[in-house]
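Work through the exercises below with the sequence and the model side by side. Try each task before reading its solution.

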Amino acid sequence: MTNQDALATLASGLLDGSIKVIDCTAPLGPDTPLLKLPPEIADDTPKIEIHKISEYGDRGPFWAWNWLKIGEHSGTHYDAPHHWITGKDYADGSVDTINPQYFAAPANVIDCSKEAAEDADFLLTVEHVKAWEAEHGEIKEGEWVLMRTDWDRFNTDEAAYLNADEAGPHTPGPTAEVIQYLMEEKKALGWGTQCIGTDAGAAGGFEIPFPAHNLLHKHNRYGLASLTNLDKLPAKGAILVAAPLKIVKGTGSPIRALALVAA
């Protein structure tokens, strides 16, 4: 089969429904949960605002449109290397300079939903990933690795989604060793989660603080956060499309994350 034949097969599958498009994106609006950081060291992204310009009235009789106030890292979003100090010097590290070839790639979905339901602070280890590979197949260079926790079930309630107490937030995520393994040995394209950020809630206290951010962007790779519907994706075989807005010097962007799966 030629590449053109492969594209024709894909096109036919999209038209006849044998390839489904799964929306992996949370709704984006004033009630979208946003990350909360310690006020002594950081300013938070303001709440999303949607303002009406006109709606079929005197100031636009035939059209409706709005203007938005929104942070780059709001809702289901893409982290570019320039989001973190370890990736600040890459010439192609902002969303407007990343090669668009990287916006669509195969996805490996590691199901940690049972563990996350039992322990909100569950951490994915290299041993977990290697056991998953032994069962489902090797993670290949240039592929996404997604951690399924079904945490998206909380994303209409900011308090439940952040799950914070006096000790800090409690959400599942990766160990530093997992990100090192995926970046240095597997050479993955990037890492994605269903939580509000790519790191575990407790990651600020790790030996390598915030290792997903620190190590992904050190390797000029990408993060996805607040993904949804990973339970509808197979462990292997889906194609994930995650394209950020082309914001000039943007450190990230809200996205419409879409997965192509066989029906």
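A salt bridge here is a side-chain nitrogen of Lys or Arg within 4 Å of a carboxyl oxygen of Asp or Glu. The model is predicted, and side-chain atom pairs count only at pLDDT 80 or more.

**Exercise 1. A pair between two strands**

Task: Show that Lys 69 and Glu 49 form a salt bridge, and place both residues.

Solution:
- Start with the distance. The closest N and O atoms of Lys 69 and Glu 49 are 3.8 Å apart.
- Apply the cut-off. The limit is within 4 Å, so the pair qualifies as a salt bridge.
- Place the residues. Lys 69 lies in strand β3 (residues 60–69) and Glu 49 in strand β2 (residues 49–57). They are 20 residues apart, and the pair links distant parts of the chain.
- Check accessibility. Lys 69 has a relative accessible area of 36%, so it is partly exposed. Glu 49, at 29%, also counts as partly exposed.

**Exercise 2. Two more pairs**

Task: Compare the settings of the salt bridges Asp 111 with Arg 148 and Lys 114 with Glu 118.

Solution:
- Take Asp 111 and Arg 148. Their side chains meet at 3.1 Å, N to O.
- Asp 111 sits in strand β5 (residues 104–111) and Arg 148 in strand β7, so the bridge ties together parts 37 residues apart in sequence.
- Asp 111 is partly exposed at 40%. Arg 148 is buried, because its relative accessible area is 16% and the cut-off is under 20%.
- Now take Lys 114 and Glu 118. Their closest N and O atoms are 2.9 Å apart.
- Both residues lie in helix α2 (residues 113–118). They are 4 residues apart, about one turn of the helix.
- Lys 114 is exposed at 57%. Glu 118 is exposed at 59%.
- Salt bridges that share partners also join Lys 36, Lys 47 and Glu 158 into one network.
- For the full tally, the whole structure holds 12 salt bridges.

**Exercise 3. The sheet**

Task: What is the strand order of the open sheet, and which strands are at its edges?

Solution:
- The sheet has 9 strands, in the order β1-β15-β13-β5-β7-β11-β12-β4-β14. The pairing is mixed.
- The edge strands are β1 (19–23) and β14 (252–254), each pairing on one side only.
- From one strand to the next, the twist averages 25°.
- Helix α1 (residues 3–16) packs on the sheet and touches β1 and β15. Its direction makes about 70° with that of β1.

**Exercise 4. Around β12**

Task: Which strands pair with β12, and in what sense?

Solution:
- β4 pairs with β12 in the antiparallel sense over 3 bridges. His 77 has Ala 225 as its bridge partner in β12.
- β11 runs parallel to β12, joined by 3 bridges. Here Trp 191 has Gly 223 as its bridge partner.
- Follow the chain from β11 through α6 to β12. This β-α-β crossover is right-handed.
- Look at both faces of β12. Tyr 222 and Leu 224 are buried on one side, Gly 223 and Ala 225 on the other.

**Exercise 5. A loop residue**

Task: Is Asn 155 buried or exposed?

Solution:
- Locate Asn 155 in the loop between β7 (144–148) and α4 (158–162).
- Its relative accessibility is 13%, so Asn 155 counts as buried.
- List the contacts beyond four places in sequence. Asn 155 touches Ala 26, Pro 33, Tyr 161 and Thr 228.

Methods:
Residues are numbered from 1 along each chain as its sequence is written. Side-chain values use heavy atoms; hydrogens and water are left out. Buried means under 20% relative accessible area, exposed over 50%, partly exposed in between (1.4 Å probe, protein chains only). Contact means heavy atoms within 4.5 Å. Two strands pair if DSSP finds at least two bridges between them. Axes are lines fitted to C-alpha atoms, for helices over the stretch in contact, and angles run from 0 to 180 degrees between N-to-C directions. A crossover is right-handed if, with the strands pointing away from the viewer, the path from the first strand over the helix to the second runs clockwise.
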